[in-house]
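Reader: Got a minute to walk me through this one? I'd like to start with the pockets.
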Amino acid sequence: MLDPFAGVDTNDGITAPVNTLGRAYGIGREGKNEVIALISNGLTTSTARVNTAFTWAKNALHLVGVSCGVNLSNRARIAPSTSATAFANFLTVSGSGCLFSNIELFAGFTTGTTAAIALTVTGGRNLFYNSHITGMADAASAADAGSRHVKISGTGENQFVNCTIGSDTIARTNANASI
């Protein structure tokens, strides 16, 4: 279990929740179809904060948000701290056979960077279900032609079902793509 609001990283993540994505991911075992439950309290205080590029490389390790289930600005989310320095590849999924369900990935920085990408998928046979993926959430990133919300490369065969990709809060001022 991952509870950014009430978890403690010295917990085991099974009988009591941890509070960082890195700790929860570290506990999860590759190839065992284990599920990390990202617990939301409905507020931004339950956001799992990631301040450096994060790679999800473990096959068959899943991330499921526990919240009301809305797929627009869900508070079972992963986002940087407001003071984090922008970086280009927010989350890279290189693992295969993973499920990401009912989560929000929000790569929003106060000041962005060039070629900002919220989600890069290089692994195969992953399912993104009922999730919201947003990059380019600042003027600098939205102005860069190399920025994307989602970039897919590699082996393919990934599915995005009932997902919202992008947002309408920051105007794009250059030709760039959502996917």
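Author: Sure. First a term: a pocket is an open set of grid points with protein on both sides within 12 Å along at least five of seven lines, and its lining residues have an atom within 4 Å of a point. Also, this is a predicted model.

Reader: Fine. Which residues line the largest pocket?
Author: The lining consists of Met1, Asp12, Gly13, Ile14, Ala24, Ile27, Gly28, Arg29, Glu34, Val35 and Ile36.

Reader: Which elements give two or more residues to that lining?
Author: Helix H1 (21–27) and strand S1 (34–39). S1 gives the most, with 3 residues.

Reader: How much space lies in the largest pocket?
Author: About 180 Å³.

Reader: And closed space? How many cavities of 30 Å³ or more?
Author: The structure holds 2 of them. The largest cavity has a volume of about 60 Å³.

Reader: What lines the largest cavity?
Author: Leu91, Val93, Phe100, Ile103, Leu105, Leu119, Phe128, Ser131 and Ile133.

Reader: Leu91 sits in a strand, I think. What stands opposite Leu91?
Author: Phe54 does, and Leu91 is in S6. Strand S6 covers residues 89–93 and is joined to S3 by 3 bridges. The two strands run parallel.

Reader: What's the strand order in the open sheet?
Author: S3-S6-S9-S12, so 4 strands, with parallel pairing. The edge strands are S3 (54–56) and S12 (148–152), each pairing on one side only. From one strand to the next, the twist averages 15 degrees.

Reader: What holds strands together in general?
Author: Strands of a sheet pair through backbone hydrogen bonds, either parallel or antiparallel.

Reader: Switching topic. Where does Asn130 lie?
Author: In the loop between strand S10 (127–129) and strand S11 (132–134).

Reader: Is Asn130 buried or exposed?
Author: Buried. Its relative accessible area is 10%, and the cut-off for buried is under 20%.

Reader: What lies 2.6 Å from a polar atom of the Asn130 side chain?
Author: The backbone oxygen of Gly69. The side chain of Asn130 also makes a polar contact of 3.2 Å with the side chain of Asn102.

Reader: Which other residues does Asn130 touch?
Author: Leaving out residues up to four places away in sequence, Asn130 touches Gly69, Asn71, Asn102, Ile103, Val161, Asn162 and Cys163. Ile103 also turns up in the lining of the largest cavity.

Definitions and conventions
Residues are numbered from 1 along each chain as its sequence is written. This is a predicted model: local features need pLDDT of at least 70, side-chain atom pairs count only at pLDDT 80 or more; totals for chains, interfaces and linings use all residues. Side-chain values use heavy atoms; hydrogens and water are left out. Buried means under 20% relative accessible area, exposed over 50%, partly exposed in between (1.4 Å probe, protein chains only). A polar contact is a pair of N or O atoms within 3.5 Å; within protein, one must be able to donate a hydrogen and the other to accept it, and residues adjacent in sequence count only if both atoms are side-chain atoms. Contact means heavy atoms within 4.5 Å. Two strands pair if DSSP finds at least two bridges between them. Axes are lines fitted to C-alpha atoms, for helices over the stretch in contact, and angles run from 0 to 180 degrees between N-to-C directions. On a 1 Å grid over the protein atoms alone, a cavity is a set of points where a 1.4 Å probe fits but cannot get out, and a pocket is an open set with protein on both sides within 12 Å along at least five of seven lines; lining residues have an atom within 4 Å of a point. Grid points are joined across faces, edges and corners, and a volume is the space filled by probe spheres set on the points.
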